[in-house]
Amino acid sequence: MQTLPRGPEGLNFNNMCRTLTAREFIQETLMKEFADIVNGEKEHNYISFLLISCGIEFLGKCMAPVGTDWHRRASEQYFKQGISLFPDPYKQQDIDDVLYHGLRCGICHALLPKDELIVSSTEEQDLNSNPIRLNIRTLFDDFKKACTSLLENEKYNARLEENFISISDGSTGNTNSLKVENE
């Protein structure tokens, strides 16, 4: 039987610990759980932009060489690599830069998109307008396409098969802090 060590404040993690690879995390969290938030019975449109922004950066991290530390700080590089997986309209000149600074940095740092962006649940997405208009449903559909593009790209298979996160009994940690120990 496998048990987990006692956690902080004597919590006993005796239930099975499950470790997800980056691939499983994309499939289960970024695609399925995000869909539940974006398209669920109670929509959470605004906060969905924050989640997708973080997800885009994570996709870029999945394109890093095998063994790269998941905590490595290179947010702009990773975000723009994640955007490169999106459909063609996102490949226009400077769109990745506007989305990084206006969406990712604006929403992640201040919970407010910068002036060059409007985020909407009702207006049609327009990457050519000034300011750029993002529609949550269109952006999420394109995000799912980017996830699928990454998952299907054999070039990144080894990185996607690396362990990413461990989950046990309602607790989540990185693979170093929440490990299964053999008795």
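**Entry 1: valine 119**

I began with valine 119, and, setting aside residues up to four places away in sequence, I found that it touches Tyr46, Phe49, Leu103, Pro113 and Leu134. The coordinates I am reading belong to a predicted model, so I treat every value below as computed from that model. I placed valine 119 in strand β3, which runs over residues 117-120. With a relative accessible area of 18%, valine 119 falls under the 20% limit and therefore counts as buried. I also looked up its relation to arginine 133: the two residues are 14 apart in sequence, while their C-alpha atoms lie 5.9 Å from each other.

**Entry 2: the chain as a whole**

I then stepped back to the chain, in which I noted six helices and seven strands. Following the sequence from its start, I wrote down the order of these elements as β-β-α-α-α-α-β-β-α-α-β-β-β. The chain has 183 residues, and 45% of them count as buried. Among contacts with a separation of 6 or more, I found that 58% are between residues 24 or more positions apart. For the surface I recorded an exposed area of about 10,200 Å², of which carbon and sulfur atoms supply 47%.

**Entry 3: the largest pocket**

What lines the largest pocket, and which residues are the closest to its centre? I first noted its volume, which is about 380 Å³. The lining is made up of 15 residues, and Phe58, Lys61, Trp70, His71 and Phe164 are the ones closest to the centre. Sorting the lining by residue class, I obtained six nonpolar, five polar and four charged residues. I then asked which elements contribute, and found that α2 (45-61), α4 (95-110), β5 (163-168) and β6 (171-174) each supply at least two residues. Of the elements, α2 gives the most to this lining, with four residues.

**Entry 4: aromatic pairs**

I turned next to the aromatic rings, for which the count comes to nine pairs. I looked up phenylalanine 25 and phenylalanine 58 in detail: their ring centres are 5.3 Å apart and their planes stand at 70°, and because an angle over 60 degrees counts as edge-to-face, that is how I entered the pair. This pair joins distant parts of the chain, since phenylalanine 25 belongs to helix α1 (residues 22-39) and phenylalanine 58 to helix α2, with their positions 33 residues apart. I checked the accessibility of phenylalanine 25 and phenylalanine 58 as well, and both are buried.

The pair of phenylalanine 34 and phenylalanine 143 is stacked, with 6.0 Å from centre to centre and 20° between the planes. It too links distant parts of the chain, with phenylalanine 34 in helix α1 and phenylalanine 143 in helix α5 (residues 136-152), 109 residues apart. Phenylalanine 34 has a relative accessible area of 9% and is therefore buried, and phenylalanine 143, at 0%, is buried as well.

I also noted one aromatic cluster, formed by Phe25, Phe58, Trp70 and Phe164. Returning to my pocket entry, I saw that Phe58, Trp70 and Phe164 are also listed among the residues closest to the centre of the largest pocket.

**Entry 5: threonine 68**

Is threonine 68 buried or exposed? I located this residue in the loop between α2 and α3 (75-83). Its relative accessible area is 17%, so threonine 68 counts as buried. Leaving aside neighbours within four places in sequence, I found threonine 68 in contact with Tyr78 and Arg159.

**Entry 6: backbone exceptions**

I closed with the backbone, keeping in mind that most residues other than glycine have a negative phi, and most peptide bonds are trans. The peptide bond from asparagine 130 to proline 131 is cis, with omega near 5°, and I placed proline 131 in the loop between β3 and β4 (132-135).

Two residues other than glycine went into my notes for a positive phi. Aspartate 94 has a phi near 70° and lies in the loop between α3 and α4; at 46% relative accessibility, aspartate 94 counts as partly exposed. Leucine 111 has a phi near 55° and sits in the loop between α4 and β3; at 49% relative accessibility, leucine 111 is likewise partly exposed.

Notes
Residues numbered from 1 in each chain as written. Predicted model: local features only at pLDDT ≥ 70, side-chain atom pairs only at ≥ 80, totals over all residues. Heavy atoms only, no water. 1 Å grid on protein atoms, 1.4 Å probe; cavity = no way out; pocket = protein on both sides within 12 Å on 5 of 7 lines; lining within 4 Å. Points joined across faces, edges and corners; volume = space filled by probe spheres on them. Nonpolar A, V, L, I, M, F, W, Y, C, P; charged D, E, K, R; others polar. Buried < 20%, exposed > 50% of the residue type's maximum accessible area, 1.4 Å probe, protein only. Contact = heavy atoms within 4.5 Å. Areas by Shrake-Rupley, 256 points an atom, 1.4 Å probe, with all protein chains shown as cover. Phe/Tyr/Trp six-rings, centres within 6.5 Å; stacked < 30°, edge-to-face > 60°.
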